Amino acid sequence: MKFTLSWLKEHLDTDEPLEKLADKLTMIGLEVESIEDKAKALAPFSIARVISAEQHPNADRLRVCMVDTGNGAAPVQVVCGAPNARAGLVSVFSPPGTFIPGKNITLGVGTIRGVESRGMLCSAAELQLSEDHDGIMELPADAPIGKGYAEWAGLGDPVLEINLTPNRQDCTGVHGIARDLSAADMGKFIDPGIRPVKGEFPCPVKVTVEDATLCPGFALRLVRGVKNGPSPEWLQKRLTSIGLRPINTLVDITNFMTYDRARPLHVFDARKVTGNLTVRRAKDGESLLALDGRTYTLDPSICVISDEHGVESLAGIMGGETSGCDENTTDVLIESALWNEINIAQTGRKLGINSDARYRFERGVDPAFMVPGLELATKMVMELCGGTPSETVVVGNAFGDDRIIDFPLSEVKRLAGIEVPLVEMRRILGHLGFMVAGSGPVVKVAVPSWRTDVHGKADIVEEIVRIVGVDKVPMTPFERGEDARKPVLTTIQLRTRRAKRALAARGMVEAVTWSFISKPHAEMFGGGQAELVLANPIASDLSDMRPSLLPGLVAAAQANANRGCSDVALFEVGQVFKGDKPEDQFVAASGVRHGFASSKGMGRHWSGSAQTDALDAKADAFAVLAAAGAPMQALQIVPGGPAWLHPGRSGTIQIGPQNVLGYFGELHPRTLGALGADGPMVAFEVILDRIPDAKKKPTRAKPLLELSAFQPVSRDFAFIVDRTVKAGDIVRAAQGADKKLITDVTVFDVYEGKGIDPAKKSIAIAVTIQPREKTLTDQEIDAVAAKIVAEVIKKTGGALRG
């Protein structure tokens, strides 16, 4: 929501400085995101006159201009390419050293085609005042030469932008923002009454509402004999200051009402409307050419306004091109209505339209301001365009439901911990538009129509506290008691955090994908059951709850590959759904690697390549399990996995056949084809909920492990074993030789072929020995090595390779 300081002061009589107003807005919940002061940004730009404009000697489209910058200074030579550069033109000049916001450059002295240029004549686009970049700005001939342009143009009006929470629809208008600041002692709220405009004749257009749930209220009025055209300068400046493009007076009035009073309106050219208006659901096959120039195909879920000819407007979102107002409009229909918030949001999302009207209607506008808003717009139309108004046609309810809350005064102390006198409560609530009756201990509070978000006692407390100041709420420590504090995070929350950190540390990038996937993809990964189908999917290809995180991750990886980033490693930790019961919902940690995004780029690896493979996915899965506290010594790897993995390049991680923790491997080509992805691609998925909890038993606290002061020793071993022996068996046997000294065992070579019995293979491991208490002698290192060889031979039946 954007507005200028002068616009705010039309509704708030205040002398407070801008910085104080901005701080107070943030403190009362209307967070100020930015303050743009064009006067400061454009201070170096001045008004200048072109004395002469001669053809550039070396370029057909350039002119060499001599520019009078005023203040008695000598003329400045500027090379200009604008087609309207000519002698006598008054424009805007920027000297060297000036930052040009529209080009994001700092101007310097330059030489253009052999001619020196010591400045620049600017277009409106280069000053970010409009999108006009066809030529340099043309100012009136009497504009004062040498004076600052921003000061002369009246641009010293700062623009504030606030970030609104969805519940504060009343502050989507400057009027509502001023009301809040008034309650916070920042000035006096200016709120003159709105007098009804007397109708001179009955409105000839009737309105029918077929479904009151879609349109609770509708007000309409005809104004005859208007003269439409460009809006007055003050109105155009109001709109351009917040980034809106002036169109014509009638349309500009509706845009002004949207931002000034949070009351979206629509104007129809009455001569382009055939017969009466009907508010109804669209019919299948109907379409509308909207004011944004796009044609939208409609269906019965969309609410429209139609005449006897067909659809004329998307209700509460955007009008139609055919009934829009232009310079030939003489009779105008002004519409002010109430719309169903959910239907507006659904329609806007379905059609992909984000209009100012939708932004307000889907949050809920003030129902009691429907008719007064129409009266105020009618008054503006008559003042700026003339015309004779008809009587108002009102269909449905023009007022919201009354809401009165029984409010115990003690609630403020109970919920916020601060004492606020009743007098101060009355003042705050009164300034915010609430009415308070009674003197305690319980008072009745009537909620104003524009605060559709206030429903209970806690909401009243929130209103009081945000105006008093959240910083006044005292810090209150928790009562610790004699018992130990319970952990703040649950086991699954801790596992989720640790899994994310572990995967990020392995060079993977976190992704967040949809919780819904298409039915064919769900069935491919073990889902697709009827109970997991969404009743109201947001899109046809997002119809089922996901049984796995991998379809979304594969799609994200492929999207990166399509844009030239084929080496990608993505992970996600989130919920997966195997059924509709709570016990069928799990938290999974999953990841995919594509291209050369391998985890083995550092250090020695037997494959000799950085291309991703199943072992990368295995390492990722084991990193998650280790970080999440799984009993690593109890994990078993079983060849193969589910159908979506390659049968010969995958594995299952389990603790016995009854507790499968996850899978890893290369995705099956058939799976990649169904997902529309290019291979090869490796993946893993671990179910964090299935990791058994650590056994709780009383133990004595152990000192934290510190880095050893002694140099580690690395030794390599190669063993000839049967081809059926797993590398993991050799690793575990070596680790068990001396658990105190051996800190790491890795496989760096696997060989089968010439020089080796066909029934055998060679597996080489690197063992790291880390002394803790003293430097080991050669004899002690040899003794450990002998224990390693003996243990591996004993457990695998192999032999040390000569």
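Okay, so V304: it stands opposite L314 in strand β22. That puts us in a pair of strands, β21, residues 303-306, and β22, residues 311-314, and they run antiparallel over 3 bridges. Keep in mind as we go that this is a predicted model.

How many residues sit between β21 and β22 in their hairpin? There are 4, and one residue in that turn, G310, has a positive phi of about 155 degrees.

Now stay with L314, which also stands opposite M318 in β23. So β22 has another partner here: strand β23, residues 318-319, pairs with β22 in the antiparallel sense over 2 bridges. That's a hairpin again, with 3 residues between the strands. The turn holds G316, whose phi is positive too, at about 70 degrees.

Okay, let's jump along the chain to a sheet. This one is open, has 4 strands, and its order is β40-β41-β39-β42, with antiparallel pairing. At the edges you'll find β40, residues 742-751, and β42, residues 799-800, and each of those pairs on one side only. Inside the sheet, β39, which is 713-722, pairs with β41, which is 760-769, over 10 bridges, in the antiparallel sense. If you want a spot to look at, find D716, which has A766 of β41 opposite.

And what packs on this sheet, touching β39, β40 and β41? That's helix α19, residues 727-735, and its direction makes about 150 degrees with that of β40. Then there's helix α20, residues 778-796, lying across β39, β40, β41 and β42. Against β39, α20 runs at about 25 degrees.

Those helices, α19 and α20, also pack on each other. Their axes are 8 Å apart and the angle is about 135 degrees, so they count as oblique to each other. The crossing is right-handed. On the α19 side the contact is made by I730, A733 and A734, and on the α20 side by I788, E791, V792, K795 and T796. Sort the residues of that contact by type and you get 5 nonpolar, 1 polar and 2 charged.

Let me set another helix pair beside that one. Helix α5, residues 174-183, and helix α12, residues 422-431, have axes that come within 8 Å and cross at roughly 165 degrees. Why are α5 and α12 called roughly antiparallel? Because angles over 145 degrees go in that class, and theirs is roughly 165. This crossing is right-handed as well. The residues in contact are R179, S182 and A183 from α5, plus R427, I428 and H431 from α12. By type, that's 2 nonpolar, 2 polar and 2 charged.

Last topic, the aromatic rings. The count comes to 8 aromatic pairs, and I'll show you one of them, F218 with W339. Are those rings stacked or edge-to-face? Their centres are 6.2 Å apart and their planes sit at 85 degrees, so it's edge-to-face. Now look at where these residues come from. F218 is in strand β16, residues 217-224, while W339 is in the loop between β24, 332-338, and α8, 341-351. So this pair ties together parts that are 121 residues apart in sequence.

Key. Residues numbered from 1 in each chain as written. Predicted model: local features only at pLDDT ≥ 70, side-chain atom pairs only at ≥ 80, totals over all residues. Heavy atoms only, no water. Pairing = 2+ DSSP bridges. Contact = heavy atoms within 4.5 Å. Axes fitted to C-alpha atoms, helices over the stretch in contact; angles between N-to-C directions. Parallel < 35°, antiparallel > 145°, perpendicular 65-115°, else oblique. Left-handed = near helix turned anticlockwise from the far one by under 90°. Nonpolar A, V, L, I, M, F, W, Y, C, P; charged D, E, K, R; others polar. Phe/Tyr/Trp six-rings, centres within 6.5 Å; stacked < 30°, edge-to-face > 60°.
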